[in-house]
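Here is a short tour of one molecular structure, written for someone who likes to have the coordinates open alongside. Please take a look at the sequence and the model before reading on.

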Amino acid sequence: MTYPLILIPFVLLTVVVTAASARRPGITARLAWSSAAAAVLIALTAVFDNAMIAAGLFTYPDQHLSGLRIGLAPIEDFAYPLCAAYLIPAVATLLEKPNR
């Protein structure tokens, strides 16, 4: 199984849960903060994944990757922080008791 195929359920879950939370108030602000968090997490992922790969702490088999890289880090590594930045606030919003 390739890493892009492994990502599909995570990305789909993120899209579905974020869309479900869109009915709750504050979606615009939540998406803005999620985007800011995503930018920071992606930057940190770029720095630290590249550092760890360069140090030889781990490698990826090329046959399981899409081939796209940012430095040494495969593009697939960036999906997890992106999903986390949107999924966690969406789940928290859905778990909140709505004000009536």
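The sections below go through the helices, their packing, the core and a few individual residues.

## What kind of model this is

Please keep in mind that this is a predicted model. Every value in this report is computed from that prediction.

## Helix α2 and its surroundings

A good place to start is helix α2, which covers residues 27-54. What span should its 28 residues have at 1.5 Å a residue? The expected value is 40 Å, and the end C-alpha atoms are 39 Å apart, so the two agree. Within this helix, Arg-30, Ser-34, Ala-38, Thr-45, Ala-46, Asp-49, Asn-50 and Ile-53 are buried. The partners that the buried residues of α2 pack against are β1 (69-70), β2 (73-74) and α3.

At the end of the helix, two residues are worth a click. Ala-54 belongs to α2 and counts as exposed, because its relative accessibility is 58% and the cut-off is over 50%. Just after α2 comes Gly-56, with a positive phi of about 80°.

## How α2 meets α3

Helix α3 runs over residues 79-95. Its 17 residues should span 24 Å at 1.5 Å a residue, and with end C-alpha atoms 24 Å apart the model agrees. Buried residues in α3 are Ala-79, Pro-81, Cys-83, Ala-85, Leu-87, Ala-90 and Thr-93, and these pack against both α1 and α2.

At what angle do α2 and α3 pack? The angle is about 150°, and the axes are 7 Å apart. The crossing of α2 with α3 is right-handed. On the α2 side, the contact is made by Arg-30, Leu-31, Ser-34, Ser-35, Ala-37, Ala-38, Leu-41, Ile-42 and Thr-45, while α3 brings in Pro-81, Leu-82, Ala-85, Tyr-86, Pro-89 and Thr-93. Sorted by class, this contact has 10 nonpolar, 4 polar and 1 charged residues.

## How α1 meets α3

Helix α1 (residues 3-20) also packs with α3: their axes come within 9 Å and cross at roughly 35°. Is this crossing left-handed or right-handed? The crossing of α1 and α3 is left-handed.

From α1, the residues in contact are Ile-6, Leu-7, Phe-10, Val-11, Leu-13, Thr-14, Val-17, Thr-18 and Ala-20; from α3 they are Ala-79, Tyr-80, Cys-83, Tyr-86, Leu-87, Ala-90, Val-91 and Leu-94. By class, there are 15 nonpolar and 2 polar residues here, and no charged ones. One of the α1 residues in this contact is Ile-6, which counts as partly exposed because its relative accessibility is 29%. The C-alpha atoms of Ile-6 and Gly-56 are separated by 23 Å, with their positions 50 residues apart along the chain.

## The nonpolar core

Which residues form the largest nonpolar core? This core has 6 members: Ala-46, Ile-53, Tyr-60, Leu-65, Ala-73 and Phe-78. As background, nonpolar side chains in soluble globular proteins tend to be buried together.

Ala-73 is a handy core residue to inspect. Leaving aside residues up to four places away in sequence, Ala-73 touches Asp-49, Asn-50, Ile-53, Leu-68 and Phe-78. Among these contacts, Ile-53 and Phe-78 also belong to the core.

## Asn-50 and Asn-99

Is Asn-50 buried or exposed? This residue of helix α2 is buried, because its relative accessible area is 18% and the cut-off is under 20%. With residues up to four places away in sequence left out, Asn-50 touches Thr-45, Ile-70, Gly-71, Leu-72 and Ala-73. Asn-50 and Thr-28 are 22 residues apart in sequence, and their C-alpha atoms are 33 Å apart in space.

Asn-99 is found in the segment after α3. At 79% relative accessibility, Asn-99 counts as exposed. From Asn-99 to Pro-89, 10 residues apart along the chain, the C-alpha separation is 17 Å.

Methods. Residues are numbered from 1 along each chain as its sequence is written. This is a predicted model: local features need pLDDT of at least 70, side-chain atom pairs count only at pLDDT 80 or more; totals for chains, interfaces and linings use all residues. Side-chain values use heavy atoms; hydrogens and water are left out. Axes are lines fitted to C-alpha atoms, for helices over the stretch in contact, and angles run from 0 to 180 degrees between N-to-C directions. Helices (H or I, at least four residues) and strands (E, at least two) are DSSP runs, numbered from the N terminus. A crossing is left-handed if the near helix is turned anticlockwise from the far one by less than a right angle, and right-handed if clockwise. Contact means heavy atoms within 4.5 Å. Ala, Val, Leu, Ile, Met, Phe, Trp, Tyr, Cys and Pro count as nonpolar, Asp, Glu, Lys and Arg as charged, and the others, Gly among them, as polar. A nonpolar core is a set of buried Ala, Val, Leu, Ile, Met, Phe, Trp, Tyr and Cys residues joined through side-chain atoms within 4.5 Å. Buried means under 20% relative accessible area, exposed over 50%, partly exposed in between (1.4 Å probe, protein chains only). The expected span of a helix is 1.5 Å times one less than its number of residues.
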